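Subject: Structure handover

Hello,

Here is the structure I said I would pass on. Please look it over first; my notes on it follow below.

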Amino acid sequence: MKPVKAKGRKQKAEGRAIPSLLLSALCLLPFSLHAQTQIRPEISKEQATTIVRIAVPRPDGVPLELIETPFFAPMTRDLAASGVFAIAPIPPNLPPDANLAKAANAEYVLSLKFTQQEQDFVVAARLLDPTGVTQFGRGYRGIAASLPRMAHMLANDLVREMTGKPGIFLSQIAYASNRTGNWEIWLMDWDGSNQRQITNHRAMAILPRWASDNDRMVYTLFSGGRSEMYIINRRGGGRIHVQTGVGLNTSATFSPVSNDIAFVGSVAGNPDIYVIRDDSTNMRRLTTSYSIESTPEWSPNGRQISFTSGRSGTPQIYLMDAEGTNVQRLSFEGEWNDDATWSPSGEEVAYTSRVDGRFQIRIANVITKQSRIVAGEGSNEQPTWSPDGHWFAFQSNRSGRWQVYRMRTDGTELTQLTFDGENKDPDWSKKAE
Amino acid sequence: MIETMNKAVKSFFLALLLVGIVLAPACRSKKAPPPKLVPTTDTTASVPNVPTVATTTETQVSNPPDFVQPQPQPSVTVETLPNDVEELNRVAEQRGYLQDAFYSFDESTLTTDAQSALTSSATWLKKNSQYNLLIEGHCDERGTEQYNLALGDRRANSAKEYIVALGVDVSRIRTVSYGEERPFDSGHDEAAWAKNRRAHLVIVAK
């Protein structure tokens, strides 16, 4: 959904300039409010790296209970987690205007004015500095069910306003859950809300991996004593069986730059890394060692592939060029390493590393190969980076069952995201929005 | 003299037995037709009479279900195997026709125990060529999910190669790896892990 930018002084007209038919077709429609105000010409580098104190008074216009849970709470959670904003405590009994910024010792006040138009909620959001100048202004419109999405869109826009890069609050985490009695592919929002089932094989569907189009996922289906590769879109449609003609078909993962899928295939009990196009053509084998090779993952520019190999005697992380050449070993610590995934910058690789008999998440620099441990209690596996590289999701059995968690890459702000049944194999969508 | 005595004794017991035959069902079931009484007062009843009486009596008490002597179970043959594949697998496991191969941690090489289990299995498979075989590779939970899927594949194939080398047609055998996804024992100790590191043999219909 693309934001519609209104020009000139149209922002007063809000939705009126747009035919109501179009409005109802688009359940949610952001529009610009900042046209009449001065925009700061550029964002300084300092501003992008310092925390911005922001006062967020309660929205005006509709009873708070209508929008608290679906809009205000997720929006403030997003801002607090953004790494860009710090939410300033608000002194009591002050109106939500520019003066509040001074009183709260904040750089900005986020003014939110709600109106209800037929089925729709309309919110006008303005970011005011202490002098009353609007730094950012935009409207969002949608039905009640769209309020969480409107909240995430606003938070994304505010982050972009400060950093020049969008927030990650509309990104999605794919995972496998057995809460229906079978392992199926599920999706959830970045904060664990909006959990929904995507596949309904009633067999065992696991290991989903997003394509770079932010729409499709590839996964492995176990059915009828076979394991096969499938592609499905985020609405659960467009299912395609990728026919490889070899066994296993596990750990399938899309190239970030093409329609290629790297995966683990097996012929006569020799698991190796293969690549196939998503139309089941152009298959080639990248590794030829007799040892077990597993768990390929593309670097963000698509030029390298990390993988796990038992060639040294224990499972360790290796890197190779996307053609299978220039193999080098990345992990040297621990007797079992697996699940390597690249940071969005391509500078670091996070992987599962066995430490004192249980698994931890280790983050290693690709060039220096220096590494550090994050994660903590229980066994922790299958890290996946957020699109901005500030977070990762992973699975942990610290509660006694496998659940998906999220934490910052510095190991802070741990949050459990799933609770029903068992949940594993998280994969964070590749685009921020 | 001794022979005569023996005959007399035999006759006596035979007569007693017949009385038992006649009376036992009569006591249990009122619907049974009234049996003809066998002369019991004369224990020296002429021997030639006995078979006649016996024949008559047996005819009269035909098919009393409780009376039928238990037949000795015939030895199990291929023909007695259940048609249902799930039931067949249960029977094959119980009777040891198919035996799973067990592995050491992060290993896919066959131990001597695993080899003898597979040898027994191959023997049965060769005799029962009407069935195909699915070999499932399984791992314990101590590894990682993705690597274990590959390790399970290698285990399943090590068992397949061994069975094929013993003469089972390769076209009858298929493999799949479940890694650590479907443990046989959900415990978290070595006893459970040892059960979960295996190549599991499953009969499938052709």
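In what order do the elements of chain B run from the N terminus on? The order is α-α-α-β-α-β-α-β-α-β. That makes 6 helices and 4 strands for chain B. Please keep in mind that this is a predicted model.

The two chains, taken one at a time

Chain A has 5 helices and 30 strands. It is 433 residues in length, and 48% of them are buried. In chain B, which has 206 residues, the buried part is 32%. I also looked at contacts between residues at least 6 apart in sequence. In chain A, 46% of these join residues at least 24 apart; in chain B, the figure is 69%.

Helix H3 of chain B

This helix covers residues 85-94. Which of its residues are buried? They are Leu88(B), Asn89(B) and Ala92(B). Seen down the axis of H3(B), these buried residues fall within an arc of 100°, so they line one face of the helix. As background, an α-helix has 3.6 residues a turn, so residues three or four places apart point the same way. The other side of H3(B) carries exposed residues, namely Glu86(B), Glu87(B), Arg90(B) and Gln94(B). Strand E4 of chain B, residues 198-205, is part of what covers the buried residues of H3(B). After the helix comes Gly96(B), with a positive phi near 75°.

Where the chains meet

How many residues does each chain bring to the contact? Chain A brings 25 residues and chain B brings 19 residues. On the side of chain B that touches chain A, two elements give two or more residues: helix H5 (145-165) and strand E3 (173-179) of chain B. H5(B) supplies the largest share of that side, with 10 residues. By residue type, the side of chain B that touches chain A divides into 7 nonpolar, 7 polar and 5 charged residues.

If you go through the model yourself, H3(B) with its buried residues and the H5(B) part of the contact are the places these notes refer to in most detail.

Regards

Technical notes: Residues numbered from 1 in each chain as written. Chains lettered and ligands numbered in written order. Predicted model: local features only at pLDDT ≥ 70, side-chain atom pairs only at ≥ 80, totals over all residues. Contact = placed C-beta atoms within 7 Å. Nonpolar A, V, L, I, M, F, W, Y, C, P; charged D, E, K, R; others polar. Buried ≥ 20, exposed ≤ 12 C-beta atoms within 10 Å, placed from the backbone. Arc of directions from axis to C-beta.
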